[in-house]
Amino acid sequence: MFAPVNGRIIGLEQVPDPVFANKMLGEGIAVELSGEAVRAPCDCKVIMIANTLHALGLLADNGAEILIHIGLETTQLNGKGFSVLVSPEQEVKKGEPLILLEKDFIEEKGYNLVTPMVITNSSEFSVEIIKQGSASVEKIQGPVLVVGK
């Protein structure tokens, strides 16, 4: 799986939210977001879009369930600053834009844009983090996670 957003990749344990830091939702990575587009980390199907547009669920071809959560506490924006480009049940390809966000607006409101990507059924897979450092979704540089049975 590839990074869903541009930015600096960090471990989940570095996310300033205990739910993600303690891996209560599963294994994965987080990215200190620097861009304005969230893209599909792999070929997958959209299975959930949060009513507040700050998160979405994806189902990878191998059965991995992926949660991408844009920022922390961003539910409080009630969808402001987010434009969803996909719909539930839509099949998407790796790198395809899913959500556009108004980064400056969200930051001006005081929200942290660390974006976790978690495999919510990671207990069914071996999840290996294989990339640290920076990620660019426009120039796909290689996978950040390997998720296998």
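Here are legends for four close-up views of this predicted model.

**View 1. An open sheet built from three strands.** Let's start with the strand order, which reads E3-E9-E7, with antiparallel pairing. At the edges sit strand E3 (37-39) and strand E7 (82-84), each of which pairs on one side only. From one strand to the next, the twist averages 20 degrees.

**View 2. Where E7 meets E9.** Zooming in, strand E9 (residues 97-101) runs antiparallel to E7, and the two pair over three bridges. If you would like a residue to look for, try Ser 83, whose bridge partner in E9 is Leu 100.

**View 3. The largest nonpolar core and a second one apart from it.** The largest core holds 34 residues, and Met 1, Leu 58, Ile 66, Ile 70, Leu 98 and Leu 101 are the ones that touch the most other members. Two or more residues come from each of strand E2 (27-33), strand E4 (44-49), strand E5 (55-60), strand E6 (65-69), E9 and strand E10 (114-119). The other core has eleven residues, including Ile 10, Leu 12, Phe 20 and Ala 55.

**View 4. Two glutamates with positive phi.** Glu 73 is in the loop between E6 and E7, and its phi is near 65 degrees, a positive value in a residue other than glycine. With 45% relative accessibility, Glu 73 counts as partly exposed. Glu 89 is in the loop between E7 and strand E8 (91-92). Though not a glycine, Glu 89 also has a positive phi, of about 80 degrees. Its relative accessible area is 52%, so Glu 89 is exposed, the cut-off for that being over 50%.

Methods
Residues numbered from 1 in each chain as written. Predicted model: local features only at pLDDT ≥ 70, side-chain atom pairs only at ≥ 80, totals over all residues. Heavy atoms only, no water. Pairing = 2+ DSSP bridges. Helix = DSSP H or I, 4+ residues; strand = E, 2+ residues; numbered from the N terminus. Axes fitted to C-alpha atoms, helices over the stretch in contact; angles between N-to-C directions. Core = buried A, V, L, I, M, F, W, Y, C linked by side-chain atoms within 4.5 Å. Buried < 20%, exposed > 50% of the residue type's maximum accessible area, 1.4 Å probe, protein only.
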